[in-house]
Structures are given as structure tokens and as C-alpha cells.
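Please read these points with the structure open beside you. Each point takes one topic and can be checked on its own.

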Amino acid sequence: MKTYTHEVKYYECDRMGITHHSNYIRFMEEARVDLMDQLGYGFDRMEAEGVVSPVVSVECQYKHPTTFKDPIDIEVDVAETSPLKITFRYTMRCNGILVCLGRSTHCFLENGKPVVLADRFPTLYKSLLS
């Protein structure tokens, strides 16, 4: 899959000129949405079919600061799967320097009830595993 790149915006920086820590969670979401689009199962498509994917947990390990206009390259892959949940792993680099490691776990719901991704979207599930 193609690596997602986010360029740090001015408003994403704090008074010290450093990218505010909360933005890395948003960057993870941007990269995850891009990955799903690349796989042909964008969240817009899933939601049109009645399936939503809430965040169950999220974590970030900050390794090196970034600043305004820095390009952050974000690689996303699948860390873990279970019948009802999937955990994505994020590796963020700026000019080759590791800046952040992250993980987010998601479930899938249809009409408020859990969805087994392998049953509901088998092609997507196979793509995520490869």
C-alpha cells in the first residue's frame, strides 16, 4: 500500500512551535481512512452499507517532535485481528526520523450490533490480512 503523507499545518502546532500531541491521533485516522480507500472499502462505502467502525482504544508513543510544514510519512498495517476487532499499527517518520508509533483498535457495528468483518466483508478482511 502507498504510504500516507501529512504536512503539519500551522494551527496544529503549540506555542512552542511543536506539533501538538493530540494531532497525531488525527493523523492516524487520516492514514487509516486512506488505507481503506486504497483497499476499495472506504468508510463512506461501509457506512452507506450500514456499517460503522468506532474506535475501541488508541495509543501513541511520541519519539521525536515535528514542526510546521514537516512532512510526516505514515505507514499503516494490521497488528492484530479477531472475529470482532482489528488493530492497526502506525509508524510515522519525518525525513526518515521516527517521530511516533501508534495503534488503534476498532470494532464494526451494524444497527448497533457487532459485525464479524470476515463474514460481512470477506474480500476486505483478506486484503487486511495480506
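1. Asn23 is buried, since its relative accessible area is 7% and the cut-off for buried is under 20%. The residue belongs to helix H1, which covers residues 23–38. From there the side chain of Asn23 reaches the backbone oxygen of Glu12, at 2.9 Å. When you look for this contact, start from the side chain of Asn23 and look for the backbone, not the side chain, of Glu12.

2. The model is a predicted one, and confidence should be checked before details are read. The mean pLDDT of the chain is 94, and 100% of the residues reach 70 or more. Where is confidence lowest, and where is it highest? The lowest mean, 86, belongs to helix H4 (residues 122–129), and the highest, 98, to strand E1 (residues 4–7). As a general caution, predicted coordinates should not be read in detail where pLDDT is low.

3. Leu35 is also found in helix H1. With a relative accessible area of 7%, Leu35 is buried. Along the chain, Leu35 and Met1 are 34 residues apart, while their C-alpha atoms are separated by 7.3 Å.

4. On the cysteines, the structure holds zero disulfides. A disulfide is a covalent bond between the sulfur atoms of two cysteines. Why is Cys60 not bonded to Cys100? The sulfur of Cys100 is the closest cysteine sulfur to that of Cys60, but at 4.0 Å it is too far for a bond; the cut-off is within 2.5 Å. Cys94 is in no disulfide either, and the nearest cysteine sulfur to it, that of Cys13, is 11 Å away. Cys94 is buried, at a relative accessible area of 7%.

5. Next comes the loop between strand E5 (85–94) and strand E6 (97–107), where Gly96 lies. Asn95 is found in this loop as well. Is Gly96 buried or exposed? Gly96 counts as exposed because its relative accessibility is 60%, and the cut-off for exposed is over 50%. Asn95 is exposed too, with a relative accessible area of 62%. Gly96 and Lys63 are 33 residues apart in sequence, and their C-alpha atoms are 13 Å apart in space.

6. Backbone angles deserve a separate point. Most residues other than glycine have a negative phi. Asn95 has a positive phi, near 50°, and it is a residue other than glycine. Asn111 likewise has a positive value, near 55°. Where is Asn111 placed? Asn111 sits in the loop between strand E7 (109–110) and strand E8 (113–114). At 74% relative accessibility, Asn111 counts as exposed.

7. The last point concerns enclosed space. How many cavities of 30 Å³ or more are there? The count comes to one, and the volume of the largest cavity is about 40 Å³. Its lining includes Thr81, Ser82, Pro83, Leu84, Lys85 and Ile86, and Phe108, Leu117 and Tyr125 also line it. By class, six of the lining residues are nonpolar, two are polar and one is charged.

Terms used: Residues are numbered from 1 along each chain as its sequence is written. This is a predicted model: local features need pLDDT of at least 70, side-chain atom pairs count only at pLDDT 80 or more; totals for chains, interfaces and linings use all residues. Side-chain values use heavy atoms; hydrogens and water are left out. pLDDT is the predictor's confidence in each residue, from 0 to 100. Helices (H or I, at least four residues) and strands (E, at least two) are DSSP runs, numbered from the N terminus. On a 1 Å grid over the protein atoms alone, a cavity is a set of points where a 1.4 Å probe fits but cannot get out, and a pocket is an open set with protein on both sides within 12 Å along at least five of seven lines; lining residues have an atom within 4 Å of a point. Grid points are joined across faces, edges and corners, and a volume is the space filled by probe spheres set on the points. Ala, Val, Leu, Ile, Met, Phe, Trp, Tyr, Cys and Pro count as nonpolar, Asp, Glu, Lys and Arg as charged, and the others, Gly among them, as polar. Buried means under 20% relative accessible area, exposed over 50%, partly exposed in between (1.4 Å probe, protein chains only). A polar contact is a pair of N or O atoms within 3.5 Å; within protein, one must be able to donate a hydrogen and the other to accept it, and residues adjacent in sequence count only if both atoms are side-chain atoms.
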